[in-house]
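Let's take a guided walk through a protein model. Have a look at the fold below, and then we will go through it step by step.

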Amino acid sequence: MSHQSQTEIVDGHLARLLNGERSAVNDLLEHAAIRLQHLTRKMLAGFAQVRRFEQTDDVLQNALIRLSRALEDATPEDSRHFFRLAALQIRRELIDLARRYSGKVTLSLDAASGDEESPQAEYTPAEQTNDPRKVAEWTEFHRLVQELPDNEREVVDLLLYNGLSQQEAAETMKVDVRTIKRYWQRARLTLFEQLRGSPSSPVSLLMR
């Protein structure tokens, strides 16, 4: 049995959906869920206090609800359009998550305990100082991805948000791998410069 690329798998699900098989929606959502869960865990890595109140599964469910609603509105004509749609919903949910905690982690933690006047001694200075800064960097990261030139943003959508290989991205965009590498390098450089090259910034994950 030959190995199918992600592009081929998604195109197969979309063909079934266009033929009226509603079960294909679940297969598309399951396909997106695997990558989203991986991304969310990366994003929340190091945020022990945040993870207590915003579990990976909650973020996953919210993003899949977004994607499910988008699929109800219109069926993507091919895998390329599906990957764009999935990346957009994933990015929106991760931005919302980051904004929820950016600069407000301590307040959110206190409020969640049911006592807005609870003492701050429960949290270390590192937790109060580093978590908001890092979450804010994630917010900025996702926003900057959205503002990349179309081809560069699409490559980030395919490689980062959807988890395709460079070969699969080339197949999806109908270009050669060298072109994908060029767009990817430009995107990483732009994001690195925009985020000022902080070693702890999310863009460092792209360079691994």
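## The chain as a whole

Of the 208 residues in the protein chain, 47% are buried. Keep in mind that this is a predicted model. The accessible surface of the chain amounts to about 11,000 Å², and carbon and sulfur atoms supply 48% of that.

What kinds of elements will you find here? The chain has 11 helices and 0 strands, so its pattern along the sequence reads α-α-α-α-α-α-α-α-α-α-α. Among contacts with a separation of 6 or more, 63% join residues that lie 24 or more positions apart.

## How confident is the prediction?

The average pLDDT of the protein chain is 76, and 69% of the residues reach at least 70. Which elements have the lowest and the highest mean pLDDT? Helix α6, covering residues 105–112, is the lowest with a mean of 35, while α9 is the highest with 94. Across residues 105–131 the pLDDT stays below 50. This stretch still has 26 contacts in the model beyond near neighbours in sequence.

## Where α1 meets α9

Two packed helices are described by the angle between their axes and the distance between the axes. Helix α1 (residues 6–18) and helix α9 (residues 166–173) have axes that come within 9 Å and cross at roughly 45°. Because of that angle, α1 counts as oblique to α9.

Which residues make this meeting? From α1 come Q6, T7 and E8, and from α9 come E168, E171 and T172. Sorted by type, the residues of this contact include no nonpolar ones, 3 polar and 3 charged.

## S79, a buried serine

S79 belongs to helix α5, which spans residues 79–101. Is S79 buried or exposed? Its relative accessibility is 4%, and buried means under 20%, so S79 counts as buried.

Setting aside neighbours within four places in sequence, S79 is in contact with T7, V10, D11, L14 and T172. Two of these names may look familiar: T7 in α1 and T172 in α9 also take part in the meeting of those helices.

## Helix α8, mostly covered

Helix α8 runs over residues 150–161, and 9 of its 12 residues are buried. Among them are the charged residues E152, E154 and D157, along with V155, V156, L158, L159, L160 and Y161. After α8 comes G163, which has a positive phi near 75°.

Note on methods
Residues are numbered from 1 along each chain as its sequence is written. This is a predicted model: local features need pLDDT of at least 70, side-chain atom pairs count only at pLDDT 80 or more; totals for chains, interfaces and linings use all residues. Side-chain values use heavy atoms; hydrogens and water are left out. Helices (H or I, at least four residues) and strands (E, at least two) are DSSP runs, numbered from the N terminus. Buried means under 20% relative accessible area, exposed over 50%, partly exposed in between (1.4 Å probe, protein chains only). Contact means heavy atoms within 4.5 Å. Accessible areas come from the Shrake-Rupley method with a 1.4 Å probe; for residues, only the protein chains shown count as cover. Axes are lines fitted to C-alpha atoms, for helices over the stretch in contact, and angles run from 0 to 180 degrees between N-to-C directions. Angles under 35 degrees count as roughly parallel, over 145 as roughly antiparallel, 65 to 115 as roughly perpendicular and the rest as oblique. pLDDT is the predictor's confidence in each residue, from 0 to 100.
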